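Please open the model in your viewer and keep the sequence panel visible. The tour proceeds by selection, one stop at a time.

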Amino acid sequence: MMNGWLWIVAGLVLAGVELALPGWFFLGAAIAVGLMGLALLIGIWTGGLPLALVVTALLTGAAWLALRRIFGTNRGEVRRWTRDINDN
């Protein structure tokens with residue numbers, strides 16, 4: 001399971017799932033799994049599978065937050081106003 005090519009293929013599958021079910025989560029997971037696959041192929045990652053899964057989960061959260069920050073919210077989402085224009 002620590003073969004880098006398997007991780008990259010799993011990342012591509014997750015990217016395909018993102019096309020069918022958009023929501024930024026699968027794209028974040030695809031980015032994280034792809035990065036872990038590249039780290040395994042290059043030889044940067046030498047830890048075991050349990051630690052690789054934890055790091056991939058953390059990378060997924062970071063990628064999701066980065067995507068939300070870069071692309072923002074959708075038009076259909078509720079926006080919360082924290083400051084009123086009339087507040088002084």
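The stops below pass from a core to a surface patch, then to an aromatic pair and a last residue.

**Stop 1: the nonpolar core**

The coordinates belong to a predicted model. Begin by selecting Trp7, Val33, Met36, Ala39, Leu40, Trp45 and Ala52; these seven residues constitute the largest nonpolar core. Helix H2 is the main contributor to this core, supplying four residues. To display helix H2, select residues 25-42.

Within the core, centre the view on valine 33, a residue of helix H2. Is valine 33 buried or exposed? Its relative accessibility is 9%, so valine 33 counts as buried, the cut-off for that class being under 20%. Now show its surroundings: with neighbours within four places in sequence set aside, valine 33 is in contact with Trp7, Ala10, Gly11, Leu14 and Thr56. A distance label may be added from valine 33 to valine 55, whose C-alpha atoms are separated by 9.6 Å although the two residues are 22 residues apart along the chain.

Move next to alanine 39, which is also listed in the core. Which residues does alanine 39 contact once its neighbours within four places in sequence are left aside? They are Ile44 and Trp45. Trp45 is itself a member of the core, whereas Ile44 belongs to the surface patch of the next stop.

**Stop 2: the nonpolar surface patch**

Select Trp5, Ile31, Leu35, Leu38, Leu41, Ile42, Ile44 and Leu59, and switch to a surface representation. Together these residues form a nonpolar patch with about 780 Å² of accessible area. Helix H2 provides the largest share of the patch, namely five residues.

Two members of the patch merit individual selection. Tryptophan 5 is located in helix H1, which spans residues 4-20. With a relative accessibility of 55%, tryptophan 5 counts as exposed. Isoleucine 42 lies in helix H2 and, at 61% relative accessibility, likewise counts as exposed; the threshold for this class is over 50%. Draw a distance from isoleucine 42 to glycine 4: the C-alpha atoms are 8.6 Å apart in space, with the two positions 38 residues apart in sequence numbering.

**Stop 3: the aromatic pair**

How many aromatic pairs does the structure hold? There is one. Select phenylalanine 25 and phenylalanine 26: the ring centres are 5.7 Å apart and the planes meet at 70 degrees, so the arrangement is edge-to-face. The angle that decides this class is over 60 degrees.

Phenylalanine 25 counts as partly exposed at 47% relative accessibility, and phenylalanine 26 is also partly exposed, at 26%. Keep phenylalanine 25, which is placed in helix H2, and display its contacts. Apart from neighbours within four places in sequence, phenylalanine 25 touches Glu18, Thr60 and Trp64. Its C-alpha atom is 8.7 Å from that of alanine 63, a residue 38 positions away in sequence.

**Stop 4: arginine 68**

Finish by selecting residues 49-71, which make up helix H3, and locate arginine 68 there. The relative accessible area of arginine 68 is 23%, so this residue is partly exposed. A final distance, C-alpha to C-alpha, runs from arginine 68 to threonine 82: 19 Å in space for 14 residues in sequence.

Notes
Residues are numbered from 1 along each chain as its sequence is written. This is a predicted model: local features need pLDDT of at least 70, side-chain atom pairs count only at pLDDT 80 or more; totals for chains, interfaces and linings use all residues. Side-chain values use heavy atoms; hydrogens and water are left out. Rings of Phe, Tyr and Trp (its six-membered ring) pair if their centres lie within 6.5 Å; planes under 30 degrees apart count as stacked, over 60 as edge-to-face and the rest as tilted. Buried means under 20% relative accessible area, exposed over 50%, partly exposed in between (1.4 Å probe, protein chains only). Patches are made of residues with over 30% relative accessible area and no salt bridge: like charges are joined within 9 Å, nonpolar side chains (Val, Leu, Ile, Met, Phe, Trp, Tyr) within 5 Å. Accessible areas come from the Shrake-Rupley method with a 1.4 Å probe; for residues, only the protein chains shown count as cover. A salt bridge is a side-chain nitrogen of Lys or Arg within 4 Å of a carboxyl oxygen of Asp or Glu. Helices (H or I, at least four residues) and strands (E, at least two) are DSSP runs, numbered from the N terminus. A nonpolar core is a set of buried Ala, Val, Leu, Ile, Met, Phe, Trp, Tyr and Cys residues joined through side-chain atoms within 4.5 Å. Contact means heavy atoms within 4.5 Å.
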